[in-house]
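Here are some short exercises to work through at your own pace. Keep the sequence and the model open side by side, and try each task before reading its solution.

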Amino acid sequence: MKLEAIKADDLFPSREQDVDSEPGDSDSLELLSVGDYVEIRYGSLAEDAFVIAIEPSRDVVAITGAGEVSMVPRRKCAIRIPGVVGTEIARQAALSLEDDTREQAISGRVELVKAMRLFRKELERTNYAVRRVAMEFLYSHFRASDPSEWGVVTVSQARDFITQRLGKEASNFSPSIVKLVMHKFLLDQAEHFSISPTIPDQFHVVPVSYVHETREINGWMASRDPRIDAFIEKCRDIITFAKSLPSQPRNGNEIQAIPHPYITFNEDDQKIITFICHSLGRVRMTQANPFEPTLAEIGRRLGRTYGESTDWAHTLLTDIGVTPHWGPMLLENPLVSRWTDHSEEHLAVEGVKMLEQRASLVDHTNSLPRFGDGVDTVRHDWGDMEVYVIDDDGAQELDDGVSVDPEPGPLGSRWVHVHVADPTALLQPDDELAQVARRRGATLYLPSRSFSMFPDSFTSMFSLGNSPVQPVFTFSVQISADGSIIDYAARPGFVRNVCKLRYDQVDQALGHPTPEMDVIEPLKPRKVIPQYPPLSSRAVDNLKLLNEVARLLVRRRIHDQGYFLSPFAKFESIVQQSPLPTASIPPHRPVHYIGEPSVKLVYPMSGEYNYTSSRHTVAEFMIMTSRVAAKLAMKRNIPILYRVHEVKNLHEVLGPLRDPETGAVPHTLQTRQLHTVTGISTTPGGHDLLGLGGDPYTRATSPLRRFMDVVCHWQLKSSLGNFPPPFNTEQLKVLADELFNSEKEMRRLGSMEGDYWVLRHFKRVFEGSESKEHFRELEAIVVSEPRGDLRHASRLWRRNVYVPKLLAKGTIVDMTREEAFKAERGMTVKVDVKGILPGPVPALELELSRQ
């Protein structure tokens, strides 16, 4: 191809071509192709490039505007514009510089460098017009009305808003280029917009009060205001006092709070403390940190102890008595705002109102309530049928139970009934509780606490086993002797005979092993087997029958090419002291907390699928129910939200690893490279791993803790009561994006705090001199490609690894280029623990063993 063929008009897709493409969205980045433009991000540094090849590992080979060709990890690609240059010329540029293709490769690369110049000219032209409007209107439009609340904006929403403000002038620019400009603008405006750590296309809009506070404190530092000096001197005095305190509380394991005897924080101190707390929410290196210059200067002036690690600001807050170490770390994260921006007291009052509403709806002729949800006339009374609700100790949201017909049906079939708590008996989509639940998406479970989707007063009303007569939405399924689903139905009802059991209790009653194990200092496991009173013979017989039916369902899924993937094992952390002592932020007086919460680390269950485990029995019936709910919606043409998990190279990658008898697949580097499309959709799609024989899949079994399940119940009830479903397809599409983003945020938050408590435990062991040997000469499996360490100008390198002994992922740091590139992915290397950082971004730092 000759250069004359590449013209400015050829570089950019027309409005009709690119209006539906979403560069920056995770799905769009999954579709990276040769000829695409990508912005490559190395921390806060960005580089424009064209994709010229896609490696089998799915990494990208790209050429920059300077003509440099390099392999780029896909995760470094921040935003994409499809088809900016032709695939033919891009592939020509990817040819080897060996003799037979050298001339073609050089010619292709020269043309792409010139094409990049044209691209950047168009980018500069668009940038001038777009930024002028964005600077004036964007933040004021998307910020929350409450000055203390976070907002949210996607790059697509920002582009659409700016396009509207530009009016007729917008026709002069490519929508894809406008979106790229908005992406860069939002990153640059870090004071007003904070990039989401989980969703590439999303930014959190900083509260107005945060912006004002940040500007004020940065202004104090820039002008050398004496209030900064006074605060630093006060910090030194507090830290000196803290060092004089005992390391252990006087009252055994009880945490002791010791206020400072005479120092207090004045209003100016509190402003600086609030500034430092707000900085903890900035965890992405992709964006410049507006707190960094001031924080760095405070750290420098306090001494070399501070400012040297990624979690030093959190350490400082602990040392000066602002918070215990478990304090504001996550609460300052904007991801948590969806669970904390409503008054729980107010929501509890709303829950009580619904309780009173229910009491007024009792039909005193037969003592059964009527709820007015459109399906009262078809509710079925399940009488004295035993409903087994099986869950963990301490579980509060008991939203599903199972029962079984003891008599077999034709040809040995069995009817199993899954009774799901029915909050939609009272809850309607326009209710305030429903709107809050929609924003939260689900209950957020953390090791130290949980944030419920509904207030406790409302949840307890419907949690199974809390009342003599409770409303349920029951899914009844007839299962054949070979595990096939023969027939199914759904109907609202009442249950009266709920038996609340624990997983270990059921395993004991059926003679099955208990898998849980505790960690005992320093890193030695022992089994913990609780003892429960015996169950009735009727309960044992029914539970055995349910276990047998579940095994039939599993075998059928294995027969239909179901896969049971084993993840990399990691500890589960459980904080046994609840609630933990907390401090109001900012405090009026320093308070130091002596002692540590009691934390239990639980070894994960075996990666092998245990057919006899009560957990897997319950899980199998939940899969069955969600499968049937989706089939019902399709059969009755009711719009609902479907779970989609399509694996494009499933059999190619997993087939050779799969045990044909059990469907089990060990976790390997090959399984990490599966090309999956996971999400929530209004269109039924595949759920390839489960082996559902082509059936669709949704979620319907946890409406007390997942909003998607609530919506499923509302939609299905419409067909039973002959009224229109509350959500149409277009409304569900909006909801699907909301819930998918909420799920990603919850996974990140749960992982961050789980890692925090695990590393906190490791750090206590590591700092004990007698336990150092447990952290040396560890085997580590290399799981990533080398990457430059942005913290060092000398270009040291890093590799991500998995350490089986610690059941933890870590990073080998300070590697030379030779060391970094010597180890192939999947190889085992020997490492020593260098540092354990249980801070806002928990990190296990390792170094190569030199022995």
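**Exercise 1. Charges over rings**

Over the ring of which residue does the charged end of arginine 379 sit?

*Solution.* First, a word on the material: this is a predicted model, in which local features need pLDDT of at least 70 and side-chain atom pairs count only at pLDDT 80 or more, while totals for chains, interfaces and linings use all residues. Residues are numbered from 1 along each chain as its sequence is written, and side-chain values use heavy atoms, with hydrogens and water left out.

Step 1: apply the rule that NZ of Lys or CZ of Arg must be within 6 Å of the ring centre and within 35 degrees of the ring normal.
Step 2: arginine 379 has its charged end over the ring of phenylalanine 494, 5.8 Å from the centre of that ring.
Step 3: for a second case, look at arginine 165, whose charged end sits over phenylalanine 137 at 3.7 Å from the ring centre.

**Exercise 2. An aromatic pair**

Describe how the rings of tyrosine 37 and phenylalanine 119 are arranged, and what the pair ties together.

*Solution.* Step 1: rings of Phe, Tyr and Trp (its six-membered ring) pair if their centres lie within 6.5 Å; planes under 30 degrees apart are stacked, over 60 edge-to-face, and the rest tilted. The count by this rule is 17 aromatic pairs.
Step 2: the centres of tyrosine 37 and phenylalanine 119 are 4.6 Å apart and the planes stand at 25°, so this pair is stacked.
Step 3: helices (H or I, at least four residues) and strands (E, at least two) are DSSP runs, numbered from the N terminus. Because tyrosine 37 lies in strand β1 (residues 37-42) and phenylalanine 119 in helix α5 (residues 102-142), the pair ties together parts 82 residues apart in sequence.
Step 4: check burial, where buried means under 20% relative accessible area, exposed over 50%, and partly exposed in between (1.4 Å probe, protein chains only). Tyrosine 37 is buried at 0%, and phenylalanine 119 is also buried at 0%.

**Exercise 3. Strand β34**

Which strands pair with β34 (residues 828-837), and how enclosed is β34?

*Solution.* Step 1: two strands pair if DSSP finds at least two bridges between them.
Step 2: strand β30 (residues 778-782) is antiparallel to β34 and joined to it by 4 bridges; leucine 778 has valine 831 as its bridge partner.
Step 3: strand β35 (residues 843-848) also runs antiparallel to β34, with 6 bridges, and valine 833 stands opposite leucine 846. β34 and β35 form a hairpin with 5 residues between them.
Step 4: 7 of the 10 residues of β34 are buried, so the strand is largely enclosed by the rest of the structure.
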